[in-house]
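Student: I would like to go through this structure with you, starting with some charged side chains. Could we have it on the screen?

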Amino acid sequence: ARIGENDRFVFFFAGHGRTRRTEGIDVAYLVVPGGKDRNDAASLISTGDIADWSRQLDKARHQLFIFDSCYAGLMGQFQTRAAGDAPPKYDSEDFLVRDLSSRRVRQYLSAGGEDQVVLDNGPNRLSWFTYFLLKGVEPGVASRRQSGLITFSELASYVQALSANPKHTPAFGSLAGHHGGEFLLLSTAQGNPKLAPLPNLGRQ
């Protein structure tokens, strides 16, 4: 009830995921932390539930959903950017802020594809996905704009390229209700501590 037209909503989940096949269709679920049983419906949140939440929060102009869990790529039943697609280019930062921020945004980023188990045990006691997600918002990493402005597509493309491995490839795209905008972020402050240097990916 508190959400208004100019609000931005971010949902981040890190934890277990699973799939169930119902009437010939695979459905992905997030397992609620502390849930009694992975087979207990009360311990599961489906991708359909996520889509319903997005619709219920429709007043929020910008929505971003990030999933560091197995099988969350099933969100890809909606529009999905393919691996290797280049992020869009914007000639003017004024245009980027004025035009793209005025459009409705319903975007998501998942650690893996619809049928993939994702790797944990990355640097700094993080998963590989979350490590590169945080690395991407450091100054000059996913975007070289002096202002520190980063578009979701730039961050997602960086995370996808750097954390992809033989086990899983991050997926990103848009949900129903997306009207061509971009979720905009600012890089972490120059004075903030940085994460450890990029690891040797050959060890994954």
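Student: Are E138 and K135 buried or exposed?

Tutor: Please keep in mind that this is a predicted model. In it, E138 is buried, and K135 is buried as well.

Student: What do E138 and K135 form with each other?

Tutor: They form a salt bridge, in which the closest N and O atoms are 3.5 Å apart.

Student: How many salt bridges does the count come to?

Tutor: The count comes to eight salt bridges.

Student: Let us take D52, then. Which residue does the side chain of D52 meet in a salt bridge?

Tutor: The side chain of D52 meets that of R55, with an N to O distance of 2.3 Å.

Student: Where do D52 and R55 lie?

Tutor: Both belong to helix α1, which covers residues 47–56. They are three residues apart, and that is about one turn of the helix.

Student: Why does D52 count as partly exposed?

Tutor: D52 counts as partly exposed because its relative accessibility is 32%, and the partly exposed class lies between 20% and 50%. R55 is also partly exposed, with a relative accessible area of 49%.

Student: What about D58? Which residue does it form a salt bridge with?

Tutor: D58 forms a salt bridge with R104, and their closest N and O atoms are 3.1 Å apart. This pair links distant parts of the chain, since the two residues are 46 residues apart. D58 is in the loop between α1 and β5, whereas R104 is in the loop between α2 and β7.

Student: Is R104 buried or exposed?

Tutor: R104 is buried, at a relative accessible area of 16%. Its partner D58 is partly exposed, at 41%.

Student: Which residues do salt bridges with shared partners join into one network?

Tutor: The network consists of E5, D58, R61, R104 and R106.

Student: Now a change of topic: helices. At what angle do α3 and α4 pack?

Tutor: Helix α3, residues 128–136, and helix α4, residues 152–163, pack at about 135°, and their axes are 9 Å apart. That angle makes α3 oblique to α4. The crossing is right-handed.

Student: Which residues of α3 and α4 meet?

Tutor: From α3 they are W128, F129, F132, L133, K135 and G136. From α4 they are L155, Y158, V159, L162 and S163.

Student: How many of those are nonpolar, polar and charged?

Tutor: The contact has eight nonpolar residues, two polar ones and one charged one. K135 thus appears twice in our discussion: in the contact with α4 and in the salt bridge with E138.

Terms used:
Residues numbered from 1 in each chain as written. Predicted model: local features only at pLDDT ≥ 70, side-chain atom pairs only at ≥ 80, totals over all residues. Heavy atoms only, no water. Axes fitted to C-alpha atoms, helices over the stretch in contact; angles between N-to-C directions. Helix = DSSP H or I, 4+ residues; strand = E, 2+ residues; numbered from the N terminus. Parallel < 35°, antiparallel > 145°, perpendicular 65-115°, else oblique. Left-handed = near helix turned anticlockwise from the far one by under 90°. Contact = heavy atoms within 4.5 Å. Nonpolar A, V, L, I, M, F, W, Y, C, P; charged D, E, K, R; others polar. Salt bridge = Lys/Arg side-chain N within 4 Å of Asp/Glu carboxyl O. Buried < 20%, exposed > 50% of the residue type's maximum accessible area, 1.4 Å probe, protein only.
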